[in-house]
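Me: I have a structure open and want to learn how to read it. Can we take it feature by feature?

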Amino acid sequence: MERILVIGGARALGAAVARRAAKDGYDVVVGARDLAAAEATARGIGATAVRIDLQDESTIAAAAERLKDGVDHIVTTGSAPHDVPLPELDRDELLAAFTAKVAGPMLVAKHFAPLLRPTGAMVMFSGVVGWRPGPGSLVKGVTNGAVDYAVRHLAAELAPVRVNAVSPGVVDSGAWDRLGDRKTALLRKSAAGTFVGRHGETDDVVDAVMWLLGAGFVSGETIHVEGGARHSYA
Ligand SMILES: NC(=O)c1ccc[n+]([C@@H]2O[C@H](COP(=O)([O-])OP(=O)(O)OC[C@H]3O[C@@H](n4cnc5c(N)ncnc54)[C@H](OP(=O)(O)O)[C@@H]3O)[C@@H](O)[C@H]2O)c1
């Protein structure tokens, strides 16, 4: 049975990947910075849980020690958004955003490299904003763009393990529920900015992640799952 570690796996897209992987017969390990949340998600799907905080390398090293009998796949969805106008840029939050998306997964690669089985894959998460600059999106845009570069360089480092990214458009993953009533407007606006006339659903992204796990001739790529949004300026 192939083992998959899903970091950020306690909720939203990470939990959806963990759920699908469990359904598809993988040995799933849910990783999250809140161990109780990871355990709650893991319990519901017959998985195990491990604490991983992408901002804290010692937790990454400890998780690798715990899983030292081997891992096939790693999916990392971590994100620490800092979507502010340029004058409000905060150095610590800026670095935290880079750590969640880019530096943290690089340290995951460092600690898990000896454990990854050669037919395995690592999937990182970018996002459409990386290709659609706009005021207030500086940090999200640059960190998402950095993921696109990180996967090709990590693919070289971890070869033959494949390293790729998924770059979603706006997806109703649960993450936008915090907007309350404004969520509907956001989803409608994002749908208008695609070629396919709709916002993304969780399964759109999970399907792409699961395909990448088995796509043995794909490495160093970013797969855009956003209905053409980066080309459409509607
Ligand atoms: N949903 C969208 O519309 C959309 C669009 C473009 C790109 N994306 C990208 O897709 C990915 C997943 O997004 P989402 O929709 O599932 O919602 P999200 O709220 O962006 O999810 C972020 C995930 O990262 C985890 N996380 C944050 N800091 C962490 C840390 N220090 N250590 C470990 N985990 C950490 C969160 O766990 P906690 O429960 O601990 O907070 C959560 O599981 C993100 O990278 C996001 O940028 C999403």
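Me: Setting aside neighbours within four places in sequence, which residues is Ala-10 in contact with?

Reply: This is a predicted model. Contact here means heavy atoms within 4.5 Å. On that basis Ala-10 is in contact with Ala-15, Val-30, Gly-31, Ala-32, Ala-37, Ala-38 and Thr-41.

Me: Where is Ala-10 found?

Reply: In the loop between strand 1 (3-7) and helix 1 (12-23). Now take one partner, Ala-32. Ala-10 and Ala-32 are 22 residues apart along the chain, yet 6.0 Å separates their C-alpha atoms.

Me: Next, Asp-72. Is Asp-72 buried or exposed?

Reply: Buried means under 20% relative accessible area. Asp-72 has 5%, so it counts as buried. Its place is in strand 4 (residues 71-76).

Me: What does the side chain of Asp-72 pair with?

Reply: Look at the backbone of Arg-3. Its nitrogen lies 2.7 Å from a polar side-chain atom of Asp-72. Arg-3 is also among the residues that Asp-72 touches, beyond four places in sequence. The others are Met-1, Glu-2, Leu-116, Arg-117, Gly-120 and Ala-121.

Me: On to the nonpolar cores. How many residues has the largest one?

Reply: A core is a set of buried nonpolar residues joined through side-chain atoms within 4.5 Å. The largest has 31 residues. Those with the most contacts inside it include Ile-4, Val-75 and Leu-213. Among the elements giving two or more residues are strand 1, strand 2 (27-32) and helix 7 (202-214). Helix 7 gives the most, with seven.

Me: Which residues does Ile-4 touch, beyond four places in sequence?

Reply: Ala-21, Tyr-26, Asp-27, Val-28, Val-29, His-73, Val-75 and Leu-213. Apart from this core lies another, of 29 residues, with Val-29, Leu-54, Ala-109 and Leu-116 among them.

Me: Last, the ligand. Which residues come nearest?

Reply: Start with the shell, then pick out polar contacts. Of the 23 residues around the ligand, Arg-33, Asp-53, Val-171, Ser-173 and Trp-176 come nearest. The shell divides into 10 nonpolar, nine polar and four charged residues.

Me: Which ligand atom does Asp-53 approach, and at what distance?

Reply: A nitrogen atom, 2.8 Å from a polar side-chain atom of Asp-53. Two other residues pair with oxygen. A polar side-chain atom of Lys-101 lies 2.9 Å from a ligand oxygen. For Ser-79 the partner is a backbone N or O atom, 3.3 Å from an oxygen atom of the ligand.

Me: How much of the ligand does the protein bury?

Reply: Compare the ligand alone with the ligand in place. Alone, the ligand exposes 870 Å², and the protein buries 90% of that.

Methods. Residues are numbered from 1 along each chain as its sequence is written. This is a predicted model: local features need pLDDT of at least 70, side-chain atom pairs count only at pLDDT 80 or more; totals for chains, interfaces and linings use all residues. Side-chain values use heavy atoms; hydrogens and water are left out. A residue is near a molecule or strand if one of its heavy atoms lies within 4 Å of it. A polar contact is a pair of N or O atoms within 3.5 Å; within protein, one must be able to donate a hydrogen and the other to accept it, and residues adjacent in sequence count only if both atoms are side-chain atoms. Accessible areas come from the Shrake-Rupley method with a 1.4 Å probe; for residues, only the protein chains shown count as cover. Ala, Val, Leu, Ile, Met, Phe, Trp, Tyr, Cys and Pro count as nonpolar, Asp, Glu, Lys and Arg as charged, and the others, Gly among them, as polar. Helices (H or I, at least four residues) and strands (E, at least two) are DSSP runs, numbered from the N terminus. Buried means under 20% relative accessible area, exposed over 50%, partly exposed in between (1.4 Å probe, protein chains only).
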